[in-house]
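Q: Please take a close look at a single part of this model, its nonpolar interior. I would like a connected account of what builds that part and what surrounds it.

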Amino acid sequence: AILVVDKPAGLLTIATARERERTAYRLVRDAMARRPGGRVFIVHRLDRETSGLLVFAKSPAAQQRLQEQFAARSVERVYVALVEGRVAAAAGTLSGRLVEDRALRVRPTGDRRAGREAVTRYRVLERRRDTTLLELTLVTGRRGQIRVQLAALGHPIVGDRACGSRRDPFGRLALHATRLACVHPDGRRLRFESGAPAAFG
């Protein structure tokens, strides 16, 4: 009923006006097309620059069940990020509103009537000399949420030049979707894990 893949950084989830061929959806769809009745349906997305767990559905019914869980915020989505600087608090919650412009750029806003609510919980996994390894749990799932909120905190993700990072030692964004838990359409609770890239240290 479902298919979970470990998406590499640099690969779009679905097509855009600029890139229609090389996407996670296209690769999965082409692989499934070799099987009888093999179809695949989008459930959610990861940013191109983010690696990690991505779930697809194999039927419209399964897609609906999963998307209902995402809408109800009952899917557990946990990320690991390496950020610039030493984050002072051992744990906390990032909350606010995000707006998206016509160029699809996302930014925080203090206007309570604008944008959409965004909430992310975090905890420190390890503090280093000039970086911090964080575990982040999404409460809401807005586009670019983790990246924008961490930059607003003063700790952009390493490699995220669009959000103010000054370094890029890995040649990629240091953000990985490491855990995903949901209820299978048959009622079973499922949990998937993918370790953060070794380069994150």
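A: The account below begins with the core itself and then turns to a helix that contributes to it. The model is a predicted one. Its largest nonpolar core holds 32 residues, and those touching the most other members are Phe56, Tyr79, Leu134, Leu136, Ile146, Leu150 and Ile157. At least two core residues come from each of α1 (24-32), β3 (51-57), β4 (76-84), β7 (116-127), β8 (131-138), α3 (145-152) and β9 (175-183). The greatest contribution is that of β4, which supplies five residues.

Leucine 134 illustrates the packing in detail. Beyond its neighbours within four places in sequence, leucine 134 is in contact with Tyr79, Val80, Ala81, Val83 and Val87, with Tyr122, Arg123, Val124 and Leu125, and with Leu150. A further core of 13 residues lies apart from the largest one; Val43, Ala57, Cys182 and Leu190 are among its members.

The helix α3 merits separate attention. Six of its eight residues are buried, so α3 is largely enclosed by the rest of the structure. The buried positions are Gln145, Ile146, Arg147, Val148, Gln149 and Leu150, a list that includes polar and charged residue types as well as nonpolar ones. The elements covering these buried residues include β4, β5 (91-100), β6 (106-109), β7, β8 and β9. Just after α3, glycine 154 adopts a positive phi of about 95°.

Technical notes: Residues numbered from 1 in each chain as written. Predicted model: local features only at pLDDT ≥ 70, side-chain atom pairs only at ≥ 80, totals over all residues. Heavy atoms only, no water. Core = buried A, V, L, I, M, F, W, Y, C linked by side-chain atoms within 4.5 Å. Buried < 20%, exposed > 50% of the residue type's maximum accessible area, 1.4 Å probe, protein only. Helix = DSSP H or I, 4+ residues; strand = E, 2+ residues; numbered from the N terminus. Contact = heavy atoms within 4.5 Å.
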